[in-house]
Structure formats: C-alpha cells, structure tokens
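Trainee: Could we go through this model together? I should like to begin with the metal sites.

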Amino acid sequence: MGTKGRQIIGMDVEELLGLLNAAYASEWLAYYQYWLGAKILKGPMKDAVAAELTLHATEELNHATLLVTRIVQLGGTPVTDPKQWFPLSPCAYDAPDDPYVAVILDQNIAGEQCAIGVYKRLMDITKDKDMVTYNLALTILQQEVEHEEDLQSLKEDLDLMVARGSK
Ligand code: FE
Ligand code: FE
Ligand code: MG
C-alpha cells in the first residue's frame, strides 16, 4: 500500500474499494461473456462479429488489470473467489445460450450500457476526491463508449443485411 497515495484521497477509502471491487467483478463477467460469445456465434457476419467480440474480451480483461492494480495500490483485497463475481457485479452476466449473432450483440450492448453507467458513477463519486481513480474510470469509460458504438454499428449492418436479403 502507498501510504501518501492513500492519504490524499478525499473520501472513504473502504467505500471506494467496494466500488472498485464491484467493477472488477463485472469486468471478469464481461470478459467471459464476450470470450464465449465469440466462440459459439452463428449467423450472418459471424466472422466480423467474432473478431470484434474477441478484441473486446481482451479489452475487458485489461480493465480488470487496471482495477486490480488500483485496488492493491490502495491496500485493498481484490475479490479472491469467483463465486463473489455474481453478487458483487453491478451488471448482469447474460449467458450466451442463444448463439444467433443478433441476440449475442444485443446482450453485449446491454452489458456495455450498464458498464457506461458504472464508470460514469465512479467518475461522479471520485471527482475532486481521488484524481487517480477518476482518471482510471475515464480511461475505462472511453473504451466502454467505444465498445457500445462498435456493437451498435455491427447490429445496424446486420439489420440492413437481413432486411435486404428478405426482399
Ligand atoms: Fe470493461
Ligand atoms: Fe466494454
Ligand atoms: Mg472495438
């Protein structure tokens, strides 16, 4: 733990660690949802969609890395048991039971929209209180916003393709 680094935080550090651990649990679930979705995908544009899902999976894992680094820096304990991921995560894990591309895209779009809310709230809470976490949340938020748009744009292409093909 960095003692001075912890001292400069203008909010309850345990509360902050709780929020960081919740986001950390979410990132692992998002990682798996993307990673598995990419493997089982079926339907039009599946190769393009799978490539994007695989990339997003690695980016979600990187968010987990950024969060765990901050948790350790603050003297916290990162969630040690994956069983805790479900109860701690503010965003639902949506099992990819239906492999159709449109369904998988919709599930992941909903996940990104939840993640955007999580990092927006983390920024609101840490603003003027913990610049390091604020900056970290901004870095992740920028990528979640990009993820949402990537998926919505793929979904739009898919919808156009399906609409034209059915004529
Ligand atoms: Fe993420
Ligand atoms: Fe994301
Ligand atoms: Mg992308």
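Mentor: What follows covers the metal sites, the disulfide, the largest pocket and a few single residues.
Mentor: This is a predicted model, in which local features need pLDDT of at least 70 and side-chain atom pairs count only at pLDDT 80 or more, while totals for chains, interfaces and linings use all residues. Residues are numbered from 1 along each chain as its sequence is written, chains are lettered from A and ligands numbered from 1 in the order in which they are written, and side-chain values use heavy atoms, with hydrogens and water left out.

Trainee: Which residues are the protein donors of the iron ion (ligand 1)?
Mentor: E27 (OE, listed twice), E60 (OE), H63 (ND1) and E144 (OE) are its protein donors, at 1.9 to 2.4 Å. Donors here are N, O and S atoms within 2.8 Å of the metal (3.2 Å for Na, K and Ca), and water is not among the atoms, so sites may look incomplete. Along the chain these donors follow the spacing E-x32-E-x2-H-x80-E. Distant parts of the chain are linked in this way: H63 belongs to helix 3 and E144 to helix 6 (residues 131–165), 81 residues apart. Helices (H or I, at least four residues) and strands (E, at least two) are DSSP runs, numbered from the N terminus.

Trainee: And what are the donors of the iron ion (ligand 2)?
Mentor: The iron ion (ligand 2) has E60 (OE), E112 (OE, listed twice), E144 (OE) and H147 (ND1) as protein donors, lying 2.0 to 2.4 Å from it. Their spacing is E-x51-E-x31-E-x2-H. Here E60 in helix 3 and E112 in helix 5 are 52 residues apart, again linking distant parts of the chain.

Trainee: How far apart are the two iron ions, and which residue coordinates both?
Mentor: The iron ion (ligand 1) and the iron ion (ligand 2) are 3.9 Å apart, with E60 coordinating both.

Trainee: Are E60 and E112 buried or exposed?
Mentor: Both are buried, where buried means under 20% relative accessible area, exposed over 50%, and partly exposed in between (1.4 Å probe, protein chains only). H63 and E144 are buried as well.

Trainee: What holds the magnesium ion (ligand 3)?
Mentor: Its protein donors are E52 (OE), H56 (NE2) and D150 (OD), at 2.0 to 2.4 Å, with the spacing E-x3-H-x93-D. E52 and H56 both lie in helix 3 (residues 46–73), four residues apart, or about one turn of the helix. An α-helix has 3.6 residues a turn, so residues three or four places apart point the same way. H56 counts as buried because its relative accessibility is 0%.

Trainee: Changing topic, how many disulfides does a search of the whole structure find?
Mentor: The search finds one. A disulfide is taken as a pair of cysteine sulfur atoms within 2.5 Å. C91 and C114 form it, with their sulfur atoms 2.1 Å apart. The link is left-handed, at -90° about the S-S bond. It joins distant parts of the chain, since C91 sits in the loop between helix 4 (85–88) and helix 5, and C114 in helix 5, 23 residues apart.

Trainee: Where do the two cysteines stand on exposure?
Mentor: C91 is buried, because its relative accessible area is 11%. C114 has 24% relative accessibility, so it counts as partly exposed.

Trainee: Which residues are closest to the centre of the largest pocket, and what is its volume?
Mentor: The volume of the largest pocket is about 240 Å³. Of the 21 residues that line it, A30, C91, A92, G111 and E112 are the closest to its centre. On a 1 Å grid over the protein atoms alone, a pocket is an open set of points where a 1.4 Å probe fits, with protein on both sides within 12 Å along at least five of seven lines, and lining residues have an atom within 4 Å of a point. Grid points are joined across faces, edges and corners, and a volume is the space filled by probe spheres set on the points.

Trainee: Which helix supplies the largest share of that lining?
Mentor: Helix 5 does, with nine residues.

Trainee: Does helix 5 have the expected length, or what span should it have?
Mentor: The 26 residues of helix 5 (residues 101–126) should span 38 Å at 1.5 Å a residue, and the end C-alpha atoms are 37 Å apart, which agrees. The expected span is 1.5 Å times one less than the number of residues. D128, which follows helix 5, has a positive phi, near 65°.
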